[in-house]
Amino acid sequence: MIYGKRMRLRALEKEDLHLYVEWVNDPDVRGGVAMYLPFSMYEEEKWYESTMAKPAAEHPMMIEVKEGDSWMPIGDCGFFTLDHRNRSGELGILIGRKDYWNQGYGSEAVQLLLEHGFNTLNLHRVYLRVFEDNKRAIRAYEKCGFIHEGHLRSAEYKDGKYVDVLFMSVLKEEWNNDR
Ligand SMILES: CC(C)(COP(=O)(O)OP(=O)(O)OC[C@H]1O[C@@H](n2cnc3c(N)ncnc32)[C@H](O)[C@@H]1OP(=O)(O)O)[C@@H](O)C(=O)NCCC(=O)NCCS
């Protein structure tokens with residue numbers, strides 16, 4: 001487990017997969033990530049098998065918040081790809097429970113992941129991609145110290161128009177754990 005102030009990150013279990021299917025089939029949640037079709041349990045199980053075949057440090061983790069005496073899953077996060085020679089990793093996050101948005105959980109999970117990336121995985125650079133219309137995500141990343149690096153112009157077609165894909169990153173030496 002990786003513990004934060006209000007949450008913990010734990011390993012993904014096969015029993016969690018139905019939650020993910022539920023979350024990404026919500027158009028508001030899916031709109032922020034690189035998915036655009038209804039998603040089935042069968043596809044999720046195939047994704048799980050291929051993901052579990054990757055190195056353990058690239059497995060997604062469930063984000064859980066404390067509710068009374070138990071822990072409630074609200075989303076997942078992790079590093080999609082790790083480049084050990086360059087000590088660089090691409091971060092991804094999804095809070096599937098919309099009723100938990102805008103309460104600081106996304107940025108808290110990103111901060112935990114940065115701490116894990118820099119202080120456990122010994123990364124030097126963490127980066128991510130985000131659609132330009134995903135203002136909530138951009139703000140959450142800025143709060144965690146990510147800076148805008150550049151963008152791919154009109155790289156994603158969604159909702160009848162093209163949007164830019166922004167690249168953001170934070171280096172270990174500029175990261176501030178006290179945010
Ligand atoms: C993006 C996501 C992780 C953010 O999580 P969250 O818990 O809502 O984020 P936080 O509460 O930590 O921060 C959100 C910030 O955006 C702000 N915000 C919300 N809507 C906004 C908007 N339309 N424009 C500008 N800022 C906005 C909030 O006010 C908050 O900033 P503040 O703390 O300064 O007030 C979550 O919404 C999510 O998972 N969305 C669906 C999947 C997704 O888009 N993943 C990211 C892919 S790159």
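Which residues are the closest to the ligand, and how many residues surround the ligand? In this predicted model, the ligand is surrounded by 21 residues, of which G32, G106, S107, K135 and R139 are the closest. By character, the shell around the ligand comprises ten nonpolar residues and eight polar ones, together with three that are charged. Three elements, namely β5 (88-95), α4 (105-119) and α5 (135-143), each contribute at least two residues to this shell, and the greatest contribution comes from α5, which supplies five residues.

The strands of the structure are arranged in an open sheet of eight members, which follow one another in the order β1-β2-β3-β4-β5-β6-β8-β7 with mixed pairing. The edges of the sheet are occupied by β1 (2-3) and β7 (147-158), and because each of these has a single partner strand, one side of each is left without a neighbour in the sheet.

At the β1 edge, β1 and β2 are paired in the antiparallel sense over two bridges, and the two strands are joined by a hairpin that passes through three residues. Within this pair, I2 has L9 in β2 as its bridge partner. Strand β2 (residues 7-11) is also paired with strand β3 (residues 61-67), again in the antiparallel sense, and this pairing extends over five bridges. L9 thus appears in this second pairing too, where its bridge partner in β3 is I63, while R10 stands opposite M62 in β3.

Further along the sheet, strand β4 (residues 70-83) pairs with β5 in the antiparallel sense, and eight bridges connect the two. One of the facing pairs is formed by D76 and L94, the latter lying in β5. The connection between β4 and β5 is a hairpin with four residues between the strands, and in its turn R87 has a positive phi of about 50°. On the other pairing of β5, the partner is strand β6 (residues 125-131), and here the sense is parallel, with three bridges; in this pairing S88 has R125 of β6 as its bridge partner. The chain reaches β6 from β5 by way of α4, and the β-α-β crossover formed in this way is right-handed.

Two of the helices that contribute to the ligand shell can also be described by their relation to the sheet. Helix α4 lies across β1, β2, β3, β4, β5, β6 and β8 (161-171), and its direction is at about 155° to β5. Helix α5, for its part, packs on the sheet where it touches β6 and β8, and the angle between its direction and that of β6 is about 160°.

A further position that may be described is E44, which is located in helix α3 (residues 41-52). Is E44 buried, exposed or partly exposed? E44 has 17 C-beta neighbours inside 10 Å, and since a residue is classed as buried at 20 or more such neighbours and as exposed at 12 or fewer, E44 counts as partly exposed. When residues up to four places away in sequence are left out, the contacts of E44 are with L17, Y20, V21 and F39. With respect to I2, E44 is 42 residues away in sequence, and the C-alpha atoms of the two residues are 25 Å apart in space.

Notes:
Residues are numbered from 1 along each chain as its sequence is written. This is a predicted model: local features need pLDDT of at least 70, side-chain atom pairs count only at pLDDT 80 or more; totals for chains, interfaces and linings use all residues. A residue is near a molecule or strand if its C-beta atom, placed from the backbone, lies within 6 Å of it. Ala, Val, Leu, Ile, Met, Phe, Trp, Tyr, Cys and Pro count as nonpolar, Asp, Glu, Lys and Arg as charged, and the others, Gly among them, as polar. Two strands pair if DSSP finds at least two bridges between them. A crossover is right-handed if, with the strands pointing away from the viewer, the path from the first strand over the helix to the second runs clockwise. Two residues are in contact if their C-beta atoms, placed from the backbone, lie within 7 Å. Axes are lines fitted to C-alpha atoms, for helices over the stretch in contact, and angles run from 0 to 180 degrees between N-to-C directions.
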